[in-house]
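Colleague: I'm new to this one. Could you pick a single part, take me through it closely, and then tell me a bit about what else is there?

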Amino acid sequence: MIRVSEVSKTYGKGEAATRALRDVSLTIAKGETVAITGPSGCGKTTLLHLLAGLEEAEKGEIWAGEALITQLDDQEIAKIRLSRMGFVFQTYHLVPVLTAWENAALPLIASGVSTKEARTRAMEALKEVGLADKAHRYPSQLSGGQNQRVAIARAIIGKPSIIWADEPTGALDSDTADQIIGLLEMLNRHYGTTLVIVTHDPKVADRMSRIIRLQNGRIVHDGGAAL
Ligand SMILES: Nc1ncnc2c1ncn2[C@@H]1O[C@H](COP(=O)(O)OP(=O)(O)OP(=O)(O)O)[C@@H](O)[C@H]1O
């Protein structure tokens, strides 16, 4: 469960200050599928980054399970991210000089797991996303949808309880986007993985069980149906 209480975030100071989030409060239960949506610049990515402990809140509290992440240091937050969270980004964020399985294995290597075990588990994760036969290819040898599958394999390799995805279909055509969302939905159904997806795409948002709409850094809608 993620709990957010009256969180605010301002970038810059004085005249140049941008209030990206204003007193945002919400709770995300285990196993929920949530879309964060709203116009450009409304604070979607900022909210995702704060929830995942990638950026510091200026004010308010964020709990990830029993951990009050707004009080933890970077190292403690990094541990929580590695053990409980997976990340998927619009532009994949794969390492170009590593193969698909090596990219998928990175979070385990970072957690100190042996290369042998990391490789076995990376192969399993690639199988799960339908890419077992491409394990030895480099990102430049894969399509956008295939690279996003590698990124999802990397996200699920630590068996996270939550996946944060920032515009995961933003660089994909609509059929491929459909398949990638289908894959994330499958992970939610099979493993109960919570999904939190930032998206501009109403078709993606409508597939989530809950839609949170932001405007000017505030929540203006939180419920089951799109506005
Ligand atoms: N590092 C930063 N420094 C200064 N301002 C920032 C920074 N990051 C975001 N902002 C500002 O904070 C506001 C919210 O940005 P954010 O990226 O969260 O919006 P968004 O809803 O994700 O936008 P988009 O849909 O265009 O990606 C915007 O006005 C943005 O310009």
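Modeller: Let's go through one sheet and the helix on it, and then turn to another sheet.

A word on the ground rules: this is a predicted model, where local features need pLDDT of at least 70, side-chain atom pairs count only at pLDDT 80 or more, and totals for chains, interfaces and linings use all residues. Residue numbers start from 1 along each chain, as its sequence is written.

The part I'd pick is an open sheet of 4 strands in the order β2-β1-β4-β5, with antiparallel pairing. Helices (H or I, at least four residues) and strands (E, at least two) are DSSP runs numbered from the N terminus, and two strands pair if DSSP finds at least two bridges between them. At the edges you'll find β2 (18-28) and β5 (67-68), each pairing on one side only. Look at β1, residues 2-11: 7 bridges link this strand to β2 in the antiparallel sense. If you want a spot to fix your eye on, R3 sits opposite T27 in β2.

Now for the helix. α1 (residues 44-51) packs on this sheet and touches β1, β2 and β4 (59-64); contact here means C-beta atoms, placed from the backbone, within 7 Å. The direction of α1 makes about 125° with that of β1. Such angles run from 0 to 180 degrees between N-to-C directions, with axes as lines fitted to C-alpha atoms, for helices over the stretch in contact.

How much of α1 is buried? 6 of its 8 residues are, so the helix is largely enclosed by the rest of the structure. The buried ones are K44, T46, L47, L48, L50 and L51. (Buried means 20 or more other C-beta atoms within 10 Å of the residue's own, exposed means 12 or fewer, and partly exposed is in between, again with C-beta atoms placed from the backbone.) Just past the end of α1, G53 has a positive phi of about 70°.

Then there's another open sheet, with 6 strands in the order β6-β7-β8-β3-β9-β10 and mixed pairing. Its edges are β6 (85-89) and β10 (218-223); each has a single partner strand, so one side of each is left without a neighbour in the sheet. From one strand to the next, the twist averages 15°. β9 (residues 210-215) runs antiparallel to β10, joined by 5 bridges, and L214 has I219 in β10 as its bridge partner. This sheet has a helix packed on it too: α5 (residues 144-156) touches β6 and β7 (162-166), with its direction at about 165° to that of β6.

Conventions. Two residues are in contact if their C-beta atoms, placed from the backbone, lie within 7 Å.
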